[in-house]
Amino acid sequence: MHETKGEARRAGAAAEGEEGKRTYVRAVFEQIAPRYDLLNHLLSFNVDRWWRRRALRRLDWMRAPAGRYLDLCAGTLDVGAQLSRQRGFRGFVVGADFAVPMLRAGAGKAAMDVVAPVAADAQQLPLAEGSMDGAIVAFGIRNVASLDDALAEVHRVLSPGARFVVLEFTTPRSRIVRALYHLYFHRLLPIIGGMISGHRTAYRYLPVSVAHFPAEPVLAERMRAAGFDDVRWTSLSFGIAAIHTGRKA
């Protein structure tokens, strides 16, 4: 697919939170859905699988193994399916995403009576207040139109004491690692991702969206502002990604 200057500008505008981000992001993920899983694993050299396992361990689902859990911005349901396969897990997972083709691409990863795909915006979830025993979002929170509205909505649907886990890309602090990271993330990844997916702006949007996403201390403060307690984070893979956790008091 040929990338126009207009498409490149829209990718940058969406990452900066301009009007139309929701429409742009949904359209992008609807188009790349068929090859999304392949590209995730290929472009991260399969490290994304380890990151997700680490994030799931922070969810503290053992506190309520038969509880109800939210996989926010669920995409192809990778995280929800992984959670459902944990030894001792007897609960139910709601996989919420506003890009229906992404949810369809994840069909068959887990039984629907255990992991239910739900077409929903992260800022307006069709869930009752206090109905979820935990929530996790992996590489999706930076794509919502309003980060603060999404954080507040997750806080609303969680039960008291429930944990919220955020796994997201970050920018490495080390100068050497950051230089290598920028070379791959801004130069090579858009070319490879565009060739395989057929949608070049999707993989141009990815590094730009990460660059505009709050750094770890700032995200932690915004989680606290949304009402979460005991907020902390851990850097992964030399600062390429980070896991944030918080609890609803």
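# Exercises on helix crossings and empty spaces

In this predicted model, helix 3 passes helix 8 in a right-handed crossing. The exercises below begin with that pair of helices and then turn to another pair, to the largest pocket and to the cavities.

## Exercise 1

Describe how helix 3 and helix 8 are placed, and determine which residues meet and how they divide by character.

**Solution.** Two packed helices are described by the angle between their axes and the distance between the axes. Here the axes of helix 3 and helix 8 cross at roughly 145° and come within 11 Å. The next step is to look at the side of helix 3, where Leu38, Leu39, Leu42 and Leu43 take part, and these meet Tyr184, Leu189, Ile192, Gly193, Ile196 and Ser197 in helix 8. When the residues of this contact are sorted, eight are nonpolar and two are polar, while no charged residue is found.

## Exercise 2

Determine the angle at which helix 7 and helix 10 cross, decide whether they are oblique or roughly parallel, and find the residues that make the contact.

**Solution.** Helix 7 covers residues 147-157 and helix 10 covers residues 216-225, and their axes cross at roughly 50° and come within 9 Å. Angles under 35 degrees count as roughly parallel and 65 to 115 as roughly perpendicular, and helix 7 and helix 10 are therefore oblique to each other. As for handedness, helix 7 passes helix 10 in a right-handed crossing. From helix 7 the contact takes Leu147, Asp148 and Leu151, and from helix 10 it takes Leu219, Arg222 and Met223. Sorting these residues gives four nonpolar and two charged, with no polar residue.

## Exercise 3

Find the volume of the largest pocket, and work out which helix gives the largest share of its lining.

**Solution.** The largest pocket has a volume of about 550 Å³. It is lined by 27 residues, and those closest to its centre are Leu43, Ser44, Phe169, Phe185 and Leu189. The elements that give two or more residues to this lining are helix 2, helix 3, helix 4 (47-58), helix 8 (175-197) and helix 9 (200-211). Among them, helix 8 supplies the largest share, which is six residues. By character, the lining of the largest pocket divides into 22 nonpolar, two polar and three charged residues. Two residues of the pocket's centre have already appeared, since Leu43 and Leu189 also belong to the contact of helix 3 with helix 8.

## Exercise 4

State how many cavities of 30 Å³ or more the structure holds, and describe the lining of each.

**Solution.** Rolling a probe the size of a water molecule over the atoms shows where empty space is left. The structure holds two cavities of 30 Å³ or more.

1. The largest cavity contains about 330 Å³ of space. Its lining has 29 residues, and Cys73, Ala74, Gly75, Asp97 and Gly140 lie nearest its centre. Helix 2 gives the most to this lining, with three residues. The lining of the largest cavity divides into 17 nonpolar, six polar and six charged residues.
2. The second largest cavity contains about 30 Å³ of space. Its lining is made by Glu168, Phe169, Thr170, Phe213, Pro214, Glu216, Leu219, Ala242 and His244. Strand 5 (158-169), helix 10 and strand 7 (241-248) are the elements that give two or more residues to it. Five of the lining residues of the second largest cavity are nonpolar, two are polar and two are charged.

As a last step, the results can be joined, for Leu219 lines the second largest cavity and also takes part in the contact of helix 7 with helix 10.

Technical notes: Residues numbered from 1 in each chain as written. Predicted model: local features only at pLDDT ≥ 70, side-chain atom pairs only at ≥ 80, totals over all residues. Heavy atoms only, no water. Axes fitted to C-alpha atoms, helices over the stretch in contact; angles between N-to-C directions. Helix = DSSP H or I, 4+ residues; strand = E, 2+ residues; numbered from the N terminus. Parallel < 35°, antiparallel > 145°, perpendicular 65-115°, else oblique. Left-handed = near helix turned anticlockwise from the far one by under 90°. Contact = heavy atoms within 4.5 Å. Nonpolar A, V, L, I, M, F, W, Y, C, P; charged D, E, K, R; others polar. 1 Å grid on protein atoms, 1.4 Å probe; cavity = no way out; pocket = protein on both sides within 12 Å on 5 of 7 lines; lining within 4 Å. Points joined across faces, edges and corners; volume = space filled by probe spheres on them.
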